[in-house]
Amino acid sequence: MNRRARGDVAAGSGPWWASRLLATAAAAWLVAALARWVPSWNEAWAHLFAPGYAAVVTRLGEGVPWPWTPPLALLVAVLAVRAARSAGSRGRATVRVVAAFLLITASFELAWGLHGTRPPAQERLAERAQVPERTMEAPLASLLRDRIVADLPNGPLQEREATASVREALQELAPTMRLPRTVRVVPGWVLGPWGVAGVVSPWTYEAHVDGALPPWSRIAIAAHELAHLAGYEDEADAELLGLLAALRAQHPHARYAGALRAWAWLPAEDRSLAGPLPERARSDLAAARAVHEGRARPFAGAFTAAYDAWLRLRGQEAGVGGYAIGPRRLAWAWRAGLW
């Protein structure tokens, strides 16, 4: 018997459930399931494991000048294909595919996904609210318009400085989670065809924004994506936290970008009651619309439908409608004295 044959016999010996890969995957999946459904396990994950993991991977990511999510994903795909091909039989190949699926889903939860089981943003932010509660002196649209006017840029936006200021404000709101110091600006052809303005990697804690968008929009979208990495999976929560961080930021261009994005989410009738925006703000909004409307998005419809289904599967009943819910909660944040 040659060496390869002996190896095949050794690899195929024993019952299928004794596969070490499958056993490891099942154990990881069980830990993730317990952390999702057992409150004490979830608290331990949120306070002991997640902050340490985020600190390690964000520092690793900052050490390279390019996104390392794509090569990592390619490596995992190559290893999975090689493992399936070298299984020796259809049954063992199936076992390895199942094991790979369990490992990927479990690692998603353990790296980031379990943030979705944490309390909602308003509950977590309530601890920072001022007492007594403010009265709503003006509608939200008027408050946002006042902020836009007060922080209106008189020249090019300082995107890097404003994004850094948003990060600092988010760290104040979520001090246990280390956020990446760099938000990756990717070419428009990467995210544009999917109709996506920004995305995070749950495994590497990298945030990416669409480079085709105007600077003010990139600042606001970076705030949303960093809010995800701060521990808020829910889209409405991430939108609320990102906008709140922008409005609390020290840099005026960050506050301007956050207020302008929140303004754009409000119903048209609310905006009309607040009065017109300055010309600079109107031109900035028009620039973002031009990018959105002026390029092909062949996969946007299918991706939006799939992502909506995914969010609902994850327990977000509003699906992609959650994006529009977050800005309206800024009224609560104002009354609570959070901005």
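**Entry 1: rings**

How many aromatic pairs does the count come to? I looked this up first. The count comes to 10 aromatic pairs. The model I am reading is a predicted one.

I picked one pair to follow, Phe303 and Tyr307. Their ring centres are 6.0 Å apart and their planes stand at 10 degrees, so I noted the pair as stacked. The cut-off for stacked is planes under 30 degrees apart. Both residues belong to helix H15, which covers residues 300-313. They are 4 residues apart there, about one helical turn.

Next I checked exposure. Phe303 has a relative accessible area of 33%, so I entered it as partly exposed. Tyr307 has a relative accessibility of 24% and counts as partly exposed.

I also found a cluster. Ring pairs link Phe108, Trp112, Trp203 and Trp310.

**Entry 2: charges over rings**

I looked for charged ends sitting over rings. Arg124 lies over the face of Tyr232, 3.9 Å from the ring centre. Arg134 has its charged end over the ring of Trp334, at 3.9 Å from the centre of that ring.

**Entry 3: salt bridges**

Side chains of opposite charge can pair when their charged atoms come close. I counted these pairs next. The total is 16 salt bridges.

I opened Arg255 and Asp151. Their side chains meet in a salt bridge, with N to O at 2.9 Å. Arg255 sits in helix H12 (residues 252-265), while Asp151 sits in the loop between helix H7 (140-150) and helix H8 (159-173). The two are 104 residues apart in sequence, so the pair ties together parts of the chain that are far from each other in the numbering. Are Arg255 and Asp151 buried or exposed? Arg255 is buried, and Asp151 is buried too.

Then I turned to Asp237 and Arg329. In this salt bridge the closest N and O atoms are 3.3 Å apart. The pair links distant parts of the chain, 92 residues apart. Asp237 is in helix H11 (residues 235-248). Arg329 is in the loop between helix H16 (322-328) and helix H17 (330-335). Asp237 has 8% relative accessibility, so I wrote it down as buried. The cut-off for buried is under 20%. Arg329, at 25%, counts as partly exposed.

My third pair was Arg282 and Glu279. Their closest N and O atoms are 2.7 Å apart. Where do Arg282 and Glu279 lie? Both are in helix H14 (residues 279-293), 3 residues apart, about one turn of the helix. Arg282 is partly exposed at 39% relative accessibility. Glu279 has a relative accessible area of 52%, so I listed it as exposed. The cut-off for exposed is over 50%.

I finished with a network. Salt bridges that share partners join Arg36, Glu109, Glu233 and Arg314.

**Entry 4: the second largest pocket**

I moved on to open spaces. The second largest pocket has a volume of about 390 Å³. Its lining has 18 residues. Arg118, Arg124, Leu173, Thr176 and Tyr232 lie nearest the centre of this pocket. I had met two of those names before, since Arg124 lies over the face of Tyr232.

Which elements give two or more residues to this lining? They are helix H3 (39-62) and helix H6 (121-125). H6 gives the most, with 3 residues. I sorted the lining of the second largest pocket by class. It has 9 nonpolar, 4 polar and 5 charged residues.

**Entry 5: the cavity**

I then looked for closed spaces. The search of the whole structure finds 1 cavity of 30 Å³ or more. The largest cavity has a volume of about 70 Å³. Its lining includes Val57, Thr58, Gly61, Glu62 and Trp68. Further along the chain, Pro180, Thr182, Arg184, Thr204, Tyr205 and Glu206 also line this cavity. H3 gives the most to this lining, with 4 residues. The lining residues of the largest cavity divide into 4 nonpolar, 4 polar and 3 charged.

**Entry 6: the whole protein**

Last, I stepped back. How many helices and strands are there? The protein has 17 helices and 3 strands. Its C-alpha trace spans about 85 × 45 × 35 Å along the principal axes. Of the 339 residues, 45% count as buried.

Methods:
Residues are numbered from 1 along each chain as its sequence is written. This is a predicted model: local features need pLDDT of at least 70, side-chain atom pairs count only at pLDDT 80 or more; totals for chains, interfaces and linings use all residues. Side-chain values use heavy atoms; hydrogens and water are left out. A salt bridge is a side-chain nitrogen of Lys or Arg within 4 Å of a carboxyl oxygen of Asp or Glu. Buried means under 20% relative accessible area, exposed over 50%, partly exposed in between (1.4 Å probe, protein chains only). On a 1 Å grid over the protein atoms alone, a cavity is a set of points where a 1.4 Å probe fits but cannot get out, and a pocket is an open set with protein on both sides within 12 Å along at least five of seven lines; lining residues have an atom within 4 Å of a point. Grid points are joined across faces, edges and corners, and a volume is the space filled by probe spheres set on the points. Ala, Val, Leu, Ile, Met, Phe, Trp, Tyr, Cys and Pro count as nonpolar, Asp, Glu, Lys and Arg as charged, and the others, Gly among them, as polar. Rings of Phe, Tyr and Trp (its six-membered ring) pair if their centres lie within 6.5 Å; planes under 30 degrees apart count as stacked, over 60 as edge-to-face and the rest as tilted. A charge sits over a ring if NZ of Lys or CZ of Arg is within 6 Å of the ring centre and within 35 degrees of the ring normal.
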